[in-house]
Every structure is written in structure tokens, then in C-alpha cells.
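Trainee: Could we go through this structure together, one question at a time, with the reasoning behind each answer spelled out?

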Amino acid sequence: MTTITLVQGDITRQSADAIVNAANSSLLGGGGVDGAIHRRGGPAILEECRRLRASKYGKGLPTGQAVATTAGDLDARWVIHTVGPVHSTTEDRSALLASCYRESLRVADELGARTVAFPAISTGVYRWPMDDAARIAVETVRATDTAVEEVRFVLFDERAYHAFAAQLEDGS
Ligand code: ADP
């Protein structure tokens, strides 16, 4: 059984086996969570991302996929980088957002991670509406068969926290 917990705060301050990064496909860092993780995690993360680009992801990490690196100076063993879809009003990209959660958990299982912290993927510069993103996140984690014992959603602000809390109450 996977327990879902919610925390309001900065994901880079969390202690977990794995911390998920809402990365962009270049794997070379960016703003939002990505920038914060690289700032606090130090250069080891970016070095490994560069190596992954050179060896495997020359065209970038595809949207909806996930890959792990060291967590550098973060209080975690791994960072799992996943690329969320940019929200679109003309195309339903929900399956790609769900895939981010599923693939991150699959990678976590491969690593043997038992606690995994997720941000609200795609809800920043990728503009996914928070309530819908929270629904997809919670539904997908609930539907995924994984050995991860705790999935912790780390929400930056109160609005995000309440959106996720509403989804948790819904299905419990
Ligand atoms: P994306 O490009 O997938 O939209 P962003 O990093 O822009 O990713 O934003 C994703 C979500 O993470 C947003 O809701 C944003 O408010 C939140 N966020 C930004 N910084 C942090 C942080 N340090 N810890 C947790 N959540 C954060």
C-alpha cells in the first residue's frame, strides 16, 4: 500500500529517498523547481544530466518520461527528472502528465526508493490548471502498482496544497 501525504513547502528542503524534478527536456536546468533543485543540490546533478544527454538523450528527455541522477547535496539519494507537458487548450495532454507520475514511480521502483517527493508537475511555467493537475496526480498515483511506501506531494503555496487536499478527500 502506498500512502499519499501532503506538505506545503519547498521540495528542496525535503528528506526523501527520491525527489522528483519537473525538468525540461534539455535536462540542463531551468526555472521553478528545476532551478531550485540545481541551486541547492549543487553541480553534481547537472554533471550527471550532461552525461545522460551525451550518452542517451541527445534529443532531450521526451515528455512523460523519467530518468534518475544523484541528488548531490540534497537530503535524498536520487533526483528523478521528468518532463511534464505544456498545457494545451486544443489538445488533451493528460496522458502525458499521468505518464510523468507513473514513469517516475517506475524509476523509483528500479532504484528501490521507498519515499518519493513530487512537486505539482506542469503547474508552473507549463500552465496546467492546478485542480486538474492535482486530480491527474492523485488518480495516477492511486492507480499505479508500486513498492513505494510514501508518495509525498510537496506543494509550494496554499492554493496548490488545497487543490491536492481536495483530491485526496474525494477518493478516500
Ligand atoms: P513546470 O515547468 O512543470 O510547470 P515549474 O517548476 O515551473 O514546472 O512549476 C511546477 C510547480 O512547482 C508550480 O506549482 C510551482 O509553484 C512549484 N514550485 C516552484 N518552486 C518550487 C519548490 N522549490 N518546491 C516545490 N514546488 C515548487
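Trainee: In which helix is the place of serine 99, and does serine 99 count as buried or exposed?
Mentor: This is a predicted model, and in it serine 99 belongs to helix α3, which covers residues 94-111. A residue needs 20 or more other C-beta atoms within 10 Å to be called buried. Because serine 99 has 22 C-beta neighbours inside 10 Å, the residue in helix α3 counts as buried.

Trainee: What distance separates the C-alpha atoms of serine 99 and glycine 84?
Mentor: Along the chain, serine 99 and glycine 84 are 15 residues apart. In space, the separation between their C-alpha atoms is 8.7 Å.

Trainee: What is the order of the strands in the open sheet, and which are the edge strands?
Mentor: The open sheet is built from 6 strands with mixed pairing, in the order β1-β6-β5-β2-β4-β3. Each edge strand pairs on one side only, and these strands are β1 (3-8) and β3 (66-70). Direction ignored, the average turn of neighbouring strands of this sheet against each other is 25°.

Trainee: Which residue is the bridge partner of phenylalanine 118 in β6?
Mentor: Strand β6, residues 150-155, runs parallel to β1, to which 6 bridges join it, and it also runs parallel to β5, with 4 bridges between the two. On the β1 side, isoleucine 4 stands opposite valine 151, while leucine 6 stands opposite phenylalanine 153. The bridge partner of phenylalanine 118 in β6 is likewise phenylalanine 153.

Trainee: At about what angle to β3 does helix α2 run?
Mentor: Helix α2, made of residues 43-55, lies across both β3 and β4 (78-83). Taken against β3, the helix runs at about 135°.

Trainee: How many residues does the largest nonpolar core have?
Mentor: In soluble globular proteins, nonpolar side chains tend to be buried together. Among the residues with the most contacts inside the largest core here are Ala18, Ile80, Phe118 and Val79. Valine 79, leaving aside neighbours within four places in sequence, is in contact with residues including Ile19, Ile37, Ile45, Ala68 and Leu74. The number of residues in this core is 52.

Trainee: Which helix gives the largest share of the shell around the ligand?
Mentor: Of the 21 residues around the ligand, Ala22, Gly32, Gly124, Tyr126 and Phe156 come nearest. By type, the shell divides into 12 nonpolar, 7 polar and 2 charged residues. The largest share, 4 residues, comes from residues 32-41, that is, helix α1.

Trainee: Does leucine 27, whose phi is positive, count as buried or exposed?
Mentor: Most residues other than glycine have a negative phi. Leucine 27 nevertheless has a phi near 65°, and its place is in the loop between β2 (18-23) and α1. Because there are 25 C-beta neighbours inside 10 Å, leucine 27 counts as buried.

Trainee: And arginine 127, with its positive phi: buried or exposed?
Mentor: Arginine 127 has a phi near 60° and is found in the loop between β5 (115-118) and α4 (130-143). A residue counts as exposed if 12 or fewer other C-beta atoms lie within 10 Å of its own. Because arginine 127 has 12 such neighbours, this residue counts as exposed.

Conventions: Residues are numbered from 1 along each chain as its sequence is written. This is a predicted model: local features need pLDDT of at least 70, side-chain atom pairs count only at pLDDT 80 or more; totals for chains, interfaces and linings use all residues. A nonpolar core is a set of buried Ala, Val, Leu, Ile, Met, Phe, Trp, Tyr and Cys residues joined through C-beta atoms within 7 Å. Two residues are in contact if their C-beta atoms, placed from the backbone, lie within 7 Å. A residue is near a molecule or strand if its C-beta atom, placed from the backbone, lies within 6 Å of it. Ala, Val, Leu, Ile, Met, Phe, Trp, Tyr, Cys and Pro count as nonpolar, Asp, Glu, Lys and Arg as charged, and the others, Gly among them, as polar. Two strands pair if DSSP finds at least two bridges between them. Axes are lines fitted to C-alpha atoms, for helices over the stretch in contact, and angles run from 0 to 180 degrees between N-to-C directions.
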